[in-house]
Amino acid sequence: MMLVFKTIPSLHKKIKSLKLKNKTIGFVPTMGALHEGHLSLIKKARQQNDIVILSIFVNPTQFAPHEDFEKYPRTLKEDKLLAEMCGVDLLFLPDTKIMYGSSPLTEVIVDPALTRTLCGKSRPTHFTGVATVVAKLLNIVTPDKMYLGQKDAQQAVVIKKMANDLNFDVKIITCPILREKDGLAMSSRNAYLNAKQRRESSLLYQSLKKARQKIKTGEKKSKKIIDFIRENILNHTHGKIDYIACVDADTLKEVKVLRGKVMVALAVKFGATRLIDNIIVNT
Ligand code: AMP
């Protein structure tokens, strides 16, 4: 049976007793509104650990004031059922007061070269919120392994850097992107899309796939790839492009010439809904 914890001391106590029994712990941090993407991380954690801990916390500090914190989907009842079905042992459900108290917060600021590029250009405070909450969660849960999705590729790079720089003793595992049948990357935010936006949104991955083909058949210039994707999106959707970029998959540095392990990443807004996606191409 899945146990639910709402306070840090009660969870600590449980984790201490599990560690005394030499149980390995796999941890999946989420903001809830669980979908198959989240479940794939839970299933991976289930395969690799004695105990699986899931956290659901819609973290206010990673949303800017004008963003969707208030209306972010919250589906706790369904989430609990799905989590239990996938074999979660402990569900950590803190509220904002428990995570942040009432005093100003110590923040974790990761290398701006990683946090100010790509999504960080339009969301300059986002990754400080992410790094801070994940550092706190790692200290609370002290897992052996933590599972993140490649869907949020920049987040995974930023968190790995944070965990390495702050010497967290955790192995971080990045899991592949789960997609809808038409290719759209699964996301809790897809629920915001109306029918037309939902139809058009499949163009994002279709464009990335075509770009991969172009790269595989010899195109080496990033600009050509970026222009190709932009044309595709602008010609077939009403989406507003935030960015399209070709970057080194590990350093997130923009590349002019495609060489090695390259990530092609994009963010596009459909109405107020900002969607992100990426592919990795080994050139
Ligand atoms: P979120 O609840 O959006 O903060 O996501 C929690 C975790 O699930 C993050 O590590 C995400 O990268 C991961 N995730 C979200 N969507 C997907 C997806 N479509 N495929 C794989 N992982 C995902």
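**Two open sheets, a pocket and an aromatic pair**

I53 has L90 as its bridge partner in β4. The coordinates come from a predicted model, and this residue pair is a convenient place to enter it. The strand on one side of the pairing is β3, residues 51-56, and the strand on the other is β4, residues 90-92; three bridges join them, and they run parallel.

This pairing belongs to an open sheet of six strands, arranged in the order β1-β4-β3-β2-β5-β6 with parallel pairing. Its edge strands are β1 (3-5) and β6 (171-175), each of which pairs on one side only. On average, neighbouring strands of this sheet are turned by 25 degrees against each other, direction ignored. Strands of a sheet pair through backbone hydrogen bonds, in either a parallel or an antiparallel manner.

From β3 the order continues through β2 to β5. Strand β2, residues 25-30, is joined to β5 by two bridges, and the two run parallel. Here F27 stands opposite M146 in β5. The next step leads to the edge: β5 and β6 pair over five bridges, again in the parallel sense. One residue pair along this border is L148 with T174, its bridge partner in β6. Helix α8, residues 153-165, lies across β5 (145-149) and β6, and its direction makes an angle of about 175 degrees with that of β6.

The loop that follows β3 leads to the aromatic residues. A search of the whole structure finds three aromatic pairs. One of them is formed by F57 and Y100; this pair is tilted, with 6.1 Å from centre to centre and 50 degrees between the planes. F57 sits in the loop between β3 and α3 (76-85), while Y100 is in helix α4 (residues 96-100), so that the pair links distant parts of the chain, 43 residues apart. A pair of aromatic rings is described by how far apart the centres are and by the angle of the planes.

F57 also takes part in the lining of the second largest pocket. That pocket holds about 250 Å³ of space. Sixteen residues line the pocket, and those nearest its centre are I56, F57, V58, R74 and P94. Sorted by class, the lining has ten nonpolar, three polar and three charged residues.

Further along the chain there is another open sheet, made of three strands in the order β7-β8-β9, and here the pairing is antiparallel. β7 (240-248) and β9 (273-282) stand at the edges with a single partner strand each, so one side of each has no neighbour in the sheet. Neighbouring strands of this sheet are turned by 10 degrees against each other on average, direction ignored. Strand β8, residues 261-270, is joined to β9 by ten bridges, and the two run antiparallel. Within this pairing, A265 has N278 as its bridge partner in β9. Helix α10, residues 222-236, lies across β7 and β8 and runs at about 155 degrees to β7.

Key. Residues are numbered from 1 along each chain as its sequence is written. This is a predicted model: local features need pLDDT of at least 70, side-chain atom pairs count only at pLDDT 80 or more; totals for chains, interfaces and linings use all residues. Side-chain values use heavy atoms; hydrogens and water are left out. On a 1 Å grid over the protein atoms alone, a cavity is a set of points where a 1.4 Å probe fits but cannot get out, and a pocket is an open set with protein on both sides within 12 Å along at least five of seven lines; lining residues have an atom within 4 Å of a point. Grid points are joined across faces, edges and corners, and a volume is the space filled by probe spheres set on the points. Ala, Val, Leu, Ile, Met, Phe, Trp, Tyr, Cys and Pro count as nonpolar, Asp, Glu, Lys and Arg as charged, and the others, Gly among them, as polar. Two strands pair if DSSP finds at least two bridges between them. Helices (H or I, at least four residues) and strands (E, at least two) are DSSP runs, numbered from the N terminus. Axes are lines fitted to C-alpha atoms, for helices over the stretch in contact, and angles run from 0 to 180 degrees between N-to-C directions. Contact means heavy atoms within 4.5 Å. Rings of Phe, Tyr and Trp (its six-membered ring) pair if their centres lie within 6.5 Å; planes under 30 degrees apart count as stacked, over 60 as edge-to-face and the rest as tilted.
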